[in-house]
2 protein chains.
Amino acid sequence: MITHRPTSLADQIFERLENDILSGVYPRGSILTEMALCASLGVSRTPVREALKRLAQEHIVEEGGKGMLVLSITAGDAEIIYEMRERLEGMAAAATAGHATEEEIASLRELVDLQDFYAKRGDSEKVKSLDSEFHKNIYRLAGSAVYYDTLMPLHTKIQKFRKATVESTGKAEQSASEHRAVLDAIASRDEAAAEKAMTAHIASARSRLLDYLRQQEDTENGND
Amino acid sequence: MITHRPTSLADQIFERLENDILSGVYPRGSILTEMALCASLGVSRTPVREALKRLAQEHIVEEGGKGMLVLSITAGDAEIIYEMRERLEGMAAAATAGHATEEEIASLRELVDLQDFYAKRGDSEKVKSLDSEFHKNIYRLAGSAVYYDTLMPLHTKIQKFRKATVESTGKAEQSASEHRAVLDAIASRDEAAAEKAMTAHIASARSRLLDYLRQQEDTENGND
DNA sequence: TCCGGTATTATTGTATACAACAATACCGGA
DNA sequence: TCCGGTATTGTTGTATACAATAATACCGGA
């Protein structure tokens, strides 16, 4: 309908569906059919179809006989992802320490400063988003698209669980200070220190997640 | 035209293009336009378009103003990928040791036996393909789709370089015997040993790759 | 009532039509 | 000759049409 747009309908729909699925709007087990989405989004099948295919490729949905079956991830998957990140992100941080320009490091510092600011304010939405940006930038600055392509899907998929790692002001401040340690190592071009600091940060986030999951287990962990 | 098919045209085209790009048929920097591919493949734009979008998502191509720009990967990317695999595949092998059924382990053994057989024969095409299958099965049997989703793209992207790791009979036999070490650890349900054996195997493959790249450097490494 | 077969419907895969944008080529004027 | 503007062409994004399959619902017979 609307014609020339900066970003395509397919992209918008992909992002929206990805976000809705990973944040729990469409719970695991839901069925998404092209036509139903067309109707609710007011577009033709073509962009919806493209978005669904891309979601399927990332195993966020899979074709389930009738429509597309929403997969999302389990707590067990989240634990695996944290372990993978623990093994990989240090590598990315080290590469970033080796590759990033001073301007890029300055922009990382900006992110950390802001995150710290909002952490002290208790604005966990902002903190989560800035936390996300920080990691995303590390992937980008590491000097090869391989880092981004590998780590970004992992990061995206645990969105639903990430709030657990910054849910209280204390955790948010801790996360921010860990980020600062990584940043400082990068800024001083110390690859080994950057790797170590990042690995420690992920390990820390992972243990915050495990605490959260243990809590959830007690109360029942069903729908949110 | 032809109507009911087990696998869709889009899937076939995706696989074909992926394979052609990663094995060097379309060299880095080529431009693929939808229409040109339609003409050469004899299908409409829809499946071609879907295949290209999926390739773009995996950063095998990217939109480059006019058509899709073929990216492929550099030797530097390959080195990064081997380091990532070194950090991750041990984890997958350990998980497989914990999850795989006896039947699944038997099918792994079959693959290793065959690989050994063809290695001794010097059939490096077969060896490469069986080597690939072995790793792919580890990803699948590790118990979470996260392993497959993360490792398979890495494995796929280095296709062009993998021949370097099994190019001679000696290397092929070495690779097969390393696989057997991994398999034995898995079969005896020893997760730590499986991780160690797999990590050693990737490290070994990586050094075989580095040797190859160093050779290439001497002769000129441009087009193949 | 229950079972089997047929008809209808829902859904997807593919092809094509159309609109908009971008680049380029061509033409006229200075 | 060179520059600017317009027209044309090539390319993509989106919508729709059509074909084929699979599932389901319905109906008749035992």
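**Thr156(B)**

I looked up Thr156(B) in this predicted model and asked whether Thr156(B) counts as buried or exposed. Thr156(B) has a relative accessibility of 14%. The cut-off for buried is under 20%, so Thr156(B) counts as buried. I noted that Thr156(B) lies in helix H7 of chain B. I then listed its contacts, leaving aside neighbours within four places in sequence, and found Glu18(B) and Leu22(B).

**Leu154(B)**

I stayed in helix H7 of chain B, which covers residues 145-157, and turned to Leu154(B). Leu154(B) is buried, and its relative accessible area is 2%. Which residues does Leu154(B) touch, not counting those up to four places away in sequence? I found Ile81(B), Met84(B) and Arg85(B) in chain B, and Val146(A) and Thr150(A) in chain A. I checked one of these pairs by C-alpha distance. Leu154(B) and Arg85(B) are 69 residues apart in sequence, and 7.6 Å separates them in space.

**Where chain B meets chain A**

Two of those contacts were in the other chain, Val146(A) and Thr150(A), and I went on to the interface. I found 24 residues of chain B in contact with 24 residues of chain A. The two chains bury about 2400 Å² between them, with 60% of it on carbon and sulfur atoms. Which three residues supply the most of the area that chain B buries against chain A? They are Gln57(B), Met84(B) and Arg87(B), which supply 26% of that area. I had already met Met84(B) as a contact of Leu154(B).

I next counted pairs across the interface. There are 13 residue pairs in polar contact between chain B and chain A. The salt bridges across the interface number eight. In one salt bridge, Glu50(B) pairs with Lys53(A), and their closest N and O atoms are 3.8 Å apart.

I then asked which elements give two or more residues to the side of chain B that touches chain A. They are helix H3 (45-57), helix H4 (75-99) and H7 of chain B. H4(B) gives the most, with eight residues. By kind, the residues on this side of chain B divide into nine nonpolar, four polar and eleven charged.

**Laying one chain on the other**

I looked up how chain B can be laid on chain A. A turn of 180 degrees with a shift of 0.0 Å along the axis does it, and the RMSD is 0.0 Å. That is the relation of a two-fold axis. The same surface serves both copies, since 100% of the contact residues of chain B recur in chain A.

**Salt bridges**

Side chains of opposite charge can pair when their charged atoms come close. Over all chains, I got a count of 46 salt bridges. I looked at three of them inside chain B.

Glu34(B) and Arg49(B) form a salt bridge, with their closest N and O atoms 2.9 Å apart. Glu34(B) is in helix H2 (residues 34-41) of chain B and Arg49(B) is in helix H3 of chain B, so this pair ties together parts that are 15 residues apart in sequence. Arg49(B) is partly exposed at a relative accessible area of 27%.

Glu83(B) and Arg87(B) meet through their side chains in a salt bridge of 3.0 Å, N to O. Why are Glu83(B) and Arg87(B) separated by about one helical turn? They are four residues apart in helix H4 of chain B. Glu83(B) is partly exposed, with a relative accessible area of 23%.

Asp113(B) and Arg180(B) also meet in a salt bridge, at 3.0 Å, N to O. Asp113(B) lies in helix H5 (residues 102-121) and Arg180(B) in helix H9 (residues 169-187) of chain B, so the pair ties together parts that are 67 residues apart in sequence. Asp113(B) has a relative accessible area of 39% and is partly exposed. Arg180(B) also counts as partly exposed, at 24% relative accessibility.

I noted one network of salt bridges that share partners. It joins Asp11(A), Glu50(A) and Arg54(A) with Glu34(B), Arg45(B), Arg49(B) and Lys53(B).

**Positive phi**

Most residues other than glycine have a negative phi. I looked up two residues with a positive value. Ser72(A) has a phi near 50 degrees, and it lies in the loop between strand E3 (68-70) and helix H4 (75-99) of chain A. Ser72(A) counts as buried, at 8% relative accessibility.

His59(B) has a phi of about 55 degrees. His59(B) lies in the loop between H3 and strand E2 (61-63) of chain B. At 31% relative accessibility, I entered His59(B) as partly exposed.

How values were computed: Residues numbered from 1 in each chain as written. Chains lettered and ligands numbered in written order. Predicted model: local features only at pLDDT ≥ 70, side-chain atom pairs only at ≥ 80, totals over all residues. Heavy atoms only, no water. Buried < 20%, exposed > 50% of the residue type's maximum accessible area, 1.4 Å probe, protein only. Contact = heavy atoms within 4.5 Å. Buried area = accessible area lost by both parts, 1.4 Å probe. Salt bridge = Lys/Arg side-chain N within 4 Å of Asp/Glu carboxyl O. Polar contact = N/O pair within 3.5 Å; in protein donor to acceptor, adjacent residues only side chain to side chain. Nonpolar A, V, L, I, M, F, W, Y, C, P; charged D, E, K, R; others polar. Least-squares fit on C-alpha atoms with pLDDT ≥ 70 in both.
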